[in-house]
Amino acid sequence: MSDNGGSSAADTLVEVQHLTKRFAVKQGVFARGHAQVHAVEDVSFEVRRGETLGIVGESGCGKSTTARLILRLLELTGGTVRFDGHDISKLSQRRLRPLRREMQMIFQDPYASLNPRKTVGQIIGAPFAIHGVKGAKTRVQELLETVGLSPEHYNRYPHEFSGGQRQRIGVARALALSPKLIVCDEPVSALDVSIQAQVLNLLRSLQRDFNLTYVFITHDLSVLRQIADRIAVMYLGRLVEIGESEQIYDAPKHPYTAALLSAVPRAGTDPRERIMLGGDVPSPIAPPPACVFHPRCPRFHRGHCDVEAPELRELAPHQRAACHYPLERWPMSDAEVRQAEGARREDRPHLEGAAHEV
Amino acid sequence: MSTGLPEPTRERDDRLLLDVRGLTVRFPTPDGVVQAVSDVSFQLRRGETLGVVGESGSGKSVSNLAIMGLLNRARTVISGEVEFKGRDLLTLSTDALRTVRGKEIAMVFQDPFACLHPMYRVGAQIAEAVTAHEDVPRERAWARAVELLDHVGIPNATSRARDYPHQFSGGMRQRAMIAMALVHNPDILICDEPTTALDVTVQAQILELIESVKREFDIGVILVTHDLGVVAETANSVMVMYAGRVMEYGPANGIFSRPQHPYAWGLLDSMPSVERRLDALVPIEGSPPSLLTPPSGCPFHPRCPYRFEPCATERPPLEAPNADAHLDACWLPWDKKVQLGLQRAKKVAA
């Protein structure tokens with residue numbers, strides 16, 4: 001799948017093609033049956049230098065697995081990942097190590113991701129020790145200042161810090177070796193809203209100051225709007241839509257993106273139509289055939305969506321979606337969403353009365 | 001958003017379910033006394049959803065646990081009055097409280113997986129809730145469980161009642177918990193972060209279910225959450241808590257369209273918007289205080305950008321500054337609040 005025309009290889013930091021990851025699971029008595037979790041299926045996208053690519057989706061959609069595959073913290077089942085021109089999908093760990101300096105990660109849980117027995121200085125200094133860099137202490141103290149902590153915190157332990165401060169320590173550790181790419185996996189989800197804003201502002205200003213590239217994983221569309229330049233929407237291991245941030249929020253094409261957006265509770269007072277999805281996300285062990293979203297989709301067409309898998313196709317400049325019946329405009333009322341030719345209500349009893357004035 | 005608050009005019013208020021006055025909860029610990037909840041007062045009527053918002057440690061969960069009598073009385077000092085249908089729940093004996101709890105006041109918790117026993121069938125656990133307060137044969141209890149599961153939108157309830165919790169998805173588990181709470185037609189449903197563990201599309205379903213249950217059974221709902229968006233969509237009235245105290249309390253449309261307390265401004269402004277990208281989020285500086293040594297005066301004053309003379313020394317009372325306003329606990333004079341509120345609204349609109 002070729003990506004958005006116009007961008008040359010020099011602008012691209014990460015290029016992911018046909019990325020696939022399956023996990024084997026044992027099933028049945030004595031674990032005789034073998035099944036596979038289709039965690040990530042045929043996902044292709046690119047991350048440009050200096051941008052923030054957001055990956056959004058509900059639990060189990062494969063967003064965190066994708067993040068780990070990009071950093072090769074997991075082995076790929078299929079596909080390739082190119083980082084800064086190098087194909088890293090088959091490199092040995094020894095050859096990979098020098099590249100690891102340039103890609104770092106910030107984790108969700110600021111309590112679990114810091115070793116309680118190490119001082120802040122040791123935690124942030126660890127990357128220097130691993131890669132044999134000298135003069136770590138001064139650098140660590142500079143880093144503490146960069147993320148809004150005080151150099152005097154060098155000898156303190158993680159338990160002496162609040163959640164927001166701990167996340168700053170995690171950010172400082174990720175910045176230590178001046179990486180090109182930072183993968184942020186739900187970095188603010190565990191924080192209170194007033195602290196969330198502090199950390200988001202920090203990440204935005206660091207990106208400007210150090211020309212960082214972020215891959216930002218989250219389930220929270222409101223947070224993502226504040227930081228992402230482009231957004232990839234995943235559902236059940238598939239990339240269902242990708243585009244510029246404004247396009248995704250103001251003109252979503254995939255019905256799933258639209259449903260996600262309309263489900264976000266908001267403090268605004270305007271009444272709006274909500275596209276309510278019935279049911280739950282199906283099991284990734286036995287994903288539905290053809291379009292994986294068809295059992296929950298309000299625009300489902302019998303004999304098409306459940307037979308032929310939609311390809312990701314360009315529906316607007318830089319915006320691609322994998323849907324046979326993409327949305328024509330936004331916002332749409334629930335009735336309009338359903339109006340696509342052939343959508344028959346009797347096929348979808350669980351969607352009865354799904355739209356609500358909120 | 002549906003109906004607003006019931007009219008504040010005091011006709012004989014037979015819709016009043018719960019009248020909490022001066023609720024205070026203290027936890028003595030080896031390090032000192034944790035002042036978890038201080039002087040909290042509110043009312044709940046039938047058909048009302050009261051949203052209780054605040055950040056972690058603001059006392060929003062503890063106040064509800066105290067109302068439910070779920071705090072260990074030996075290790076907690078509770079004072080104040082919780083009047084429910086003419087009785088003060090805080091003075092009831094443990095036995096008397098047990099018949100109220102689960103029967104007249106039911107609770108739904110954040111993590112539905114932790115609240116269901118993994119080794120009993122879902123239907124059996126709901127049936128057990130039936131027999132806990134009612135002497136009925138097991139078959140009748142089971143039938144009631146199936147009926148309730150069907151009622152809260154579990155498809156094929158007859159067969160799904162025989163499932164174990166791990167066979168349910170997160171959303172279905174939360175539906176089952178709501179079914180269990182409804183077993184004895186309670187008057188009050190307390191939901192503590194009911195959708196925090198759920199995905200956003202499932203969250204919408206559960207909020208919808210709570211709303212329809214409230215209408216159908218004509219009950220009162222207390223919705224405890226840190227998510228202002230959830231409150232804005234579901235609550236009729238809102239109580240904003242900080243450091244164990246009520247900062248602002250009033251009808252939901254008033255709180256969201258004309259918030260009066262600087263802490264509420266801070267919360268609303270630091271909330272990322274899905275509608276547009278902001279140049280910079282405006283966080284509240286600093287972090288919440290320790291409840292072992294809460295600040296003197298207004299608990300928010302160390303973080304408040306508008307603090308002035310009395311804030312550090314004198315505690316502002318929870319009062320309505322004038323007839324058109326709702327309750328807040330802040331020393332700022334009204335005209336100053338109006339002026340700052342207008343500035344804020346202009347900034348938001350820009």
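**From one helix of chain B to the whole assembly**

In chain B, helix 5 is followed by B:Gly153, a residue with a positive phi near 90°. The model that shows this is predicted, and the helix that precedes the glycine is a convenient place to begin reading it.

Helix 5 of chain B runs over residues 138-151, and its length can be checked by simple arithmetic. At 1.5 Å a residue, its 14 residues should span 20 Å, where the expected span is 1.5 Å times one less than the number of residues. The C-alpha atoms at the ends of helix 5 of chain B are 20 Å apart, so the expected and modelled spans agree.

Which residues of helix 5 of chain B are buried? They are B:Ala141, B:Trp142, B:Arg144, B:Ala145, B:Val146, B:Leu148 and B:Leu149. The buried residues of this helix pack against three other helices of chain B, namely helix 4 (122-133), helix 6 (157-160) and helix 7 (170-181). B:Ile126 gives a residue-level view of the surroundings. Leaving aside residues up to four places away in sequence, B:Ile126 touches B:Ala145, B:Leu148 and B:Leu149, and also B:Ala176, B:Ala179, B:Met180 and B:Val183.

Several of these names return in the nonpolar core. The largest such core holds 193 residues, and the members that touch the most other members are A:Val215, B:Ile126, B:Ala145, B:Leu149, B:Ala176 and B:Ile222. Helix 7 of chain B gives the most to this core, with 7 residues. Because domain 1 (16-44 + 71-239) and domain 2 (245-349) of chain B both give residues to the core, it lies between them.

The two domains deserve a closer look. Chain B is divided into domain 1, formed by 16-44 together with 71-239, and domain 2, formed by 245-349. Taken over C-alpha atoms, the centres of these two domains of chain B are separated by 30 Å. Their contact takes 16 residues from domain 1 of chain B and 14 residues from domain 2 of chain B. On the side of domain 1 of chain B that touches domain 2 of chain B, at least two residues each are supplied by strand 2 (32-45), helix 9 (228-234) and strand 9 (237-242) of chain B. Strand 2 of chain B makes the largest share of that side, 8 residues. By residue type, the side of domain 1 of chain B that touches domain 2 of chain B divides into 9 nonpolar, 5 polar and 2 charged residues.

The contact between the chains can be described in similar terms. It takes 34 residues from chain A and 39 residues from chain B. On the side of chain A that touches chain B, helix 6 (193-210), helix 7 (221-227) and helix 9 (255-263) of chain A each supply at least two residues. Helix 6 of chain A gives the most to this side, with 8 residues. The side of chain A that touches chain B is made up of 15 nonpolar, 13 polar and 6 charged residues.

Chain A itself has 10 helices and 14 strands. Of its 358 residues, 45% are buried. Among contacts in chain A between residues at least 6 apart in sequence, 67% join residues at least 24 apart.

Finally, the confidence of the prediction. The model scores ipTM 0.80 and pTM 0.85. Chain B has a mean pLDDT of 90, with 96% of its residues reaching 70 or more. Among the elements of chain B, the lowest mean pLDDT (82) belongs to helix 3 (residues 112-115) of chain B and the highest (97) to strand 10 (residues 245-251) of chain B.

Note on methods: Residues are numbered from 1 along each chain as its sequence is written. Chains are lettered from A and ligands numbered from 1 in the order in which they are written. This is a predicted model: local features need pLDDT of at least 70, side-chain atom pairs count only at pLDDT 80 or more; totals for chains, interfaces and linings use all residues. Domain bounds come from an automatic or database domain assignment. Two residues are in contact if their C-beta atoms, placed from the backbone, lie within 7 Å. Helices (H or I, at least four residues) and strands (E, at least two) are DSSP runs, numbered from the N terminus. Ala, Val, Leu, Ile, Met, Phe, Trp, Tyr, Cys and Pro count as nonpolar, Asp, Glu, Lys and Arg as charged, and the others, Gly among them, as polar. A residue is buried if 20 or more other C-beta atoms lie within 10 Å of its own, exposed if 12 or fewer, and partly exposed in between; C-beta atoms are placed from the backbone. A nonpolar core is a set of buried Ala, Val, Leu, Ile, Met, Phe, Trp, Tyr and Cys residues joined through C-beta atoms within 7 Å. pLDDT is the predictor's confidence in each residue, from 0 to 100.
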